[in-house]
Amino acid sequence: MVTLTIEGRTVVVPPGTNLIEAAKTAGVLIPHYCYHPSLPVAGVCRMCLVEVEKFPKLTPACATTVGDGQVVHVHSDKARDARKGVLEFLLINHPLDCPICDQAGECELQDYTFAEGRKDSRYMEPKRFNPMEDFGGDVLYVPNRCILCTRCVRFMDVMAKDPVLNVSERGDRAYIGKFEGSDLTHAWAGNVVDLCPVGALLSKDFLNRARAWELDRAASVCPSCSQGCNVMLETRDNVVVRIRPRANVAVNQHFACDVGRMNYRWINRRDRLEYPVVRTEQGLSAASWSEAVQRAAAAISGAARVTMLASPSLSNETLFLLGRIASHVGASSVMTIERGHEAPLVGAKDLSLRAERAANHTGAELFGFTEFAAPLDALASGDVLIVADAAVTTVPPGVSVVVIGTLLDQALAAHVVAALPICNFAEEDGTFTNLRGRVQRFLQAKAAPAQTRPSYRVAGDLATALGAGSFPPLAADIFASIATTVPAFTGMTYRTLGLQGAPLPLLAETTA
Amino acid sequence: MGYPHPSHPRETPVISKYFGDAEARTLAGWQARGGYEVLREALATDPVEVQNVVKESGLRGRGGAGFPTGVKWSFMKPDGKTHYLCINADESEPGTFKDRELMRWTPHQLVEGTAVAAHAIYAETAYIYIRGEYTEPIARVREAVREAYAAGILGANAMGSGKRVDVHVHKGAGAYICGEETALMNSLEGRRGNPRIKPPFPAVAGLFAKPTTINNVETVCAAVHVLRNGADWYKSLSSPTNPKSTGTKLFSVCGNVARPGNYEVGMGFSMKEFLWDVCGGPPSGRTFKAIIPGGSSVPILTPEECEGAVMDYEGIQAAGSLLGSGGVICFDDTQDMVRQIARLARFYAHESCAQCTQCREGTAWTTKILERIRDGQGTMKDLDTLLEIADNMTGKTICVLSDSCATPVVSGLKKFRHEFEAKIPKNRSSVMVPSFATAAA
């Protein structure tokens, strides 16, 4: 370990650490643009110049590794003046169009200028102008705002291994170019928008949708595949408007794929099942929660044979309780896993858009659900099918259906005995177990519509109504009971998971 | 030799001895003049001994930085790794054209020096990276390399020594920045010619990430003569008063001067005698106004500062500038220094690789302000701004292109401020920027 002093604070870090990362451990932010922890060091923006005692010149913190006994000054006059100079240079050709720029509010140029920049401009010449360019995929390039940090170029070169971007031209004529005939259509290309420290690379999907300061953010986990990328769900007026990656070195570094990013509109669907529904003589009609749960329980316990078809994207908590119901009533518990193409991010270790487009199939397996390609074929008249947020459109005649879901498919209406409305993952707390057995929490990001209830609570109430025991009403407490009853989860709590998750204890032992 | 002028008696022609001698270009002619004997001996000598002779001679890098050549070679150890030698023939510094003549007249001198240097650093492969605009030098060096291969001087068994020496000639594509050593390596590797961040230094990870030494054309040419005649002989060529700068230096003289050309003189030569005697002084009827002694990147000197200076690394530094590449640019009293400095700044703005913020934006901004002052649209405040920009551009970037742009601005403003002020209309505090000026017209 190396011991050094940064801004008067003693820091102990492993050898080979650069000064930016070392400073982070002391709670000191060294302003920077081109440096990114998941990309190779370029050292070109010169924003992170710091003063190191006994060095003849200011040194770029990103490209300087720690040395024993170093004394680093981040906020000395010399270092501040250098940053002020860089900010002035960056701004001479940068349009002051923050009021119409999507990046405003989360722009590093804006932030650092506000903190340390000049209050006036000495630049009297006309600014450089280049027209906007559609980079393909979801990406729009606004060259006038570009500070040429080359994060995007390095991401496409090194992480995506699809080098479609370059620096074209030289001097102040330089801009980010796209090789002729190629577009930013790589499955992970959308990350360049997040990597861009300014508003030069924009998401077409998010263009002019919201100002950064209007958004509410909740830590979550991407439900689009079994990789379990950590994401931030960003909502405006209770509507999810953007999904962005949240750093987790063990899972997704700083990245998320385009499929995950774009797959949020379903969360905001307005044609939800909002009230408990039961079958009456007049057909389906709204009912109270207690009546609906009782009707569902009666149908299940009166059936000759019960099949439970659950979505492998439900949380561990819900699947655990559904598994309890299945074992209590002797139901077969099955799931279907939707599959798509696999799209790895080649430059990152074990990071891919997985073929299994289900957030929690590993968890589902641990709670007794088995994959069954055609679960409905085995059904016969008189059976009860419990559909837990799974997509089912037709069932054989004579089969009664209990729905625990966010939607009620009209094609099923004739079979439904009771339908219990639940929250989707953005409206409740819970955990997913990813394909490597990492258990990760997601937090509620938006309010649920009307009378919908968290899925774990609905499953718990139904289990209680069936006599399978009583269960606590909060996700954290249900997880605690998972930890005491399911061996794979032994000892885990929401507190120990934190927001970065943890591998299942058994897996951790075997891989250690 | 002062080619195209006849040699001046005060010159000490060593590497330039055969300028103008067409026979020296051929292999036969070069061998008749004692060529390749040094290489034959060197190949039979331990590289460390070769390094020691060059170290002892005090030969320093002639590309501009003046790093001791023998010391640089001694960084390369027989570690079993592949080593590379790069010869920097991307001579693009405005005012510098010494390597051009070395390659035009004595391409075999360069090939021999290259092979010697390759042996001295345990390298089997050398690349000569020649500026793309140098069409004749490229042809001459290519022909010399071809002849040397045909004669068995280069190749798998160089001069029968059992050692392999391969020399590749690479043509640049016209970027000044590719003369920066790490940008040159990127360019050779087929990448964009951007300087690399150091460390790692080339001696650790250079070309193709292998230990690499990079030398200037003039340096390896001089090394041939050092090895032929010994370190003491080389030291005897220069003024004994300064043992830190030894041997001879080839100066390219251009601009407003009676006899422009290349002149080789011993280190420590009086600058006054050089300019007024060897080069013939200013054109008749004129006087010198300014001298840039070492290529466009070094501070500008006034004739008074030049008069007392001696021409070696330390002497020119004492006079307030740098020896640099030895490109002496002369300005006479008819020149407009604002126009000249603006033109220099435009060159650097055009050639900036665009990596570092200070250089990309600073060179262009400096140029715009200077050209505005040149066109009578400046303000007094601009002069302060120029100096502050120059300060922000100095010592903060990966390579020194940014500093090189700031240097003539700072020294020019210091020494010729009255010329700048004369172009600024009295009592002007704001300007019509070009776009508005056009709109109003």
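**Notebook: contacts, layout and the A–B interface**

I began with the contacts in chain A between residues at least 6 apart in sequence, and I noted that 63% of them join residues at least 24 apart. I am working from a predicted model, and I keep that in mind for every entry below.

Next I looked up burial in chain A, and I found that buried residues make up 51% of its 512 residues.

For the secondary structure of chain A, I wrote down 13 helices and 26 strands.

I then turned to the domain assignment of chain A, which gives domain 1 as 2-89, domain 2 as 123-214 and domain 3 as 277-511. I also looked up how far apart two of these lie, and the C-alpha centres of domain 1 of chain A and domain 3 of chain A are 49 Å apart. For the overall extent, I recorded that the C-alpha atoms of chain A fill a box of roughly 85 × 50 × 35 Å along the principal axes.

My last entries concern the place where the two chains meet. I found 26 residues of chain A in contact with 29 residues of chain B. On the side of chain B that touches chain A, I listed α14 (337-351), α15 (357-374), α16 (380-393) and α19 (434-440) of chain B, each of which supplies at least two residues. Which helix gives the largest share of this side of chain B? I noted that α15(B) does, with 9 residues. Sorting the side of chain B that touches chain A by class, I entered 11 nonpolar, 12 polar and 6 charged residues.

Key:
Residues numbered from 1 in each chain as written. Chains lettered and ligands numbered in written order. Predicted model: local features only at pLDDT ≥ 70, side-chain atom pairs only at ≥ 80, totals over all residues. Domains from an automatic or database assignment. Helix = DSSP H or I, 4+ residues; strand = E, 2+ residues; numbered from the N terminus. Buried ≥ 20, exposed ≤ 12 C-beta atoms within 10 Å, placed from the backbone. Contact = placed C-beta atoms within 7 Å. Nonpolar A, V, L, I, M, F, W, Y, C, P; charged D, E, K, R; others polar.
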